[in-house]
Amino acid sequence: MDEKSVLTINVVTPDGSVYDSTSHLVICKTTDGEIGIMPNHVPLLASLAIDEIRVKKEDESYDEIAVSGGFIEFSNNTLTVVASAAERKEGIDVSRAMRSKQRAEQRIREAEDSGNDIDLRRAEISLRRAVNRLNVSNH
Ligand code: ATP
């Protein structure tokens with residue numbers, strides 16, 4: 001890749017680095033909507049939705065990473081993603097995500113029945129993490 005027109009992307013979580021590569025295009029879903037980041041993009045700081053990050057590779061395919069929310073910071077052609085949890089598509093344990101989804105759905109039903117708004121909100125976020133992992137692994 002031409003050194004002048006690439007960006008470096010690092011995805012870090014509390015468990016360490018999950019992904020480290022270079023690219024000409026990274027697509028992220030921020031809480032304000034989807035953005036594409038190319039080399040020499042203006043500096044940026046944004047919060048991430050529970051969604052996927054797509055990193056375009058030289059062969060035009062994409063690396064896909066499921067992220068469970070966090071922040072992105074872009075400056076000096078380096079995109080740093082700080083996520084509470086993140087998994088590369090190949091690292092997603094589908095049966096674990098399906099079990100997590102079922103547990104979250106059960107907790108949502110219980111929280112709705114008991115009227116517990118805090119439990120309901122937690123279960124909804126847990127469900128979104130599980131569904132996101134299943135979506136990314138199904139692409
Ligand atoms: P679970 O209920 O299965 O633990 P969770 O959504 O509560 O899922 P998180 O708290 O988001 O899990 O993540 C805890 C750790 O487990 C993180 O390191 C995350 O990357 C990893 N992880 C969670 N679910 C999966 C999965 N389906 N496949 C691979 N790694 C996972």
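From which domains does the shell around the ligand draw at least three residues each? In this predicted model, the shell draws at least three residues from domain 1 (3–89) and at least three from domain 2 (94–138). The ligand itself sits in the largest pocket. The points below describe the surroundings of the ligand, beginning with the residues and ending with the covered area.

**Residues around the ligand**
- The ligand is surrounded by 13 residues, of which Glu87, Arg96, Arg103, Arg129 and Arg133 come nearest.
- By character, the residues of this shell divide into seven charged, four nonpolar and two polar.

**Contributing elements**
- At least two residues of the shell are supplied by each of strand E8 (86–88), helix H1 (94–114) and helix H2 (117–138).
- Helix H1 provides the largest share of the shell, with four residues.

**Polar contacts and coverage**
- Arg129, one of the residues that come nearest to the ligand, has an N or O atom in its side chain at 2.7 Å from an oxygen atom of the ligand.
- Arg133 also belongs to the residues that come nearest, and one of its polar side-chain atoms lies 2.8 Å from a ligand oxygen atom.
- For Asp15, the distance between a polar side-chain atom and an oxygen atom of the ligand is 3.0 Å.
- On its own, the ligand has 600 Å² of accessible area, and the protein covers 71% of this area.

Technical notes
Residues numbered from 1 in each chain as written. Predicted model: local features only at pLDDT ≥ 70, side-chain atom pairs only at ≥ 80, totals over all residues. Heavy atoms only, no water. Near = heavy atom within 4 Å. Polar contact = N/O pair within 3.5 Å; in protein donor to acceptor, adjacent residues only side chain to side chain. Areas by Shrake-Rupley, 256 points an atom, 1.4 Å probe, with all protein chains shown as cover. 1 Å grid on protein atoms, 1.4 Å probe; cavity = no way out; pocket = protein on both sides within 12 Å on 5 of 7 lines; lining within 4 Å. Sits in = over half its atoms within 2 Å of the grid points. Nonpolar A, V, L, I, M, F, W, Y, C, P; charged D, E, K, R; others polar. Domains from an automatic or database assignment.
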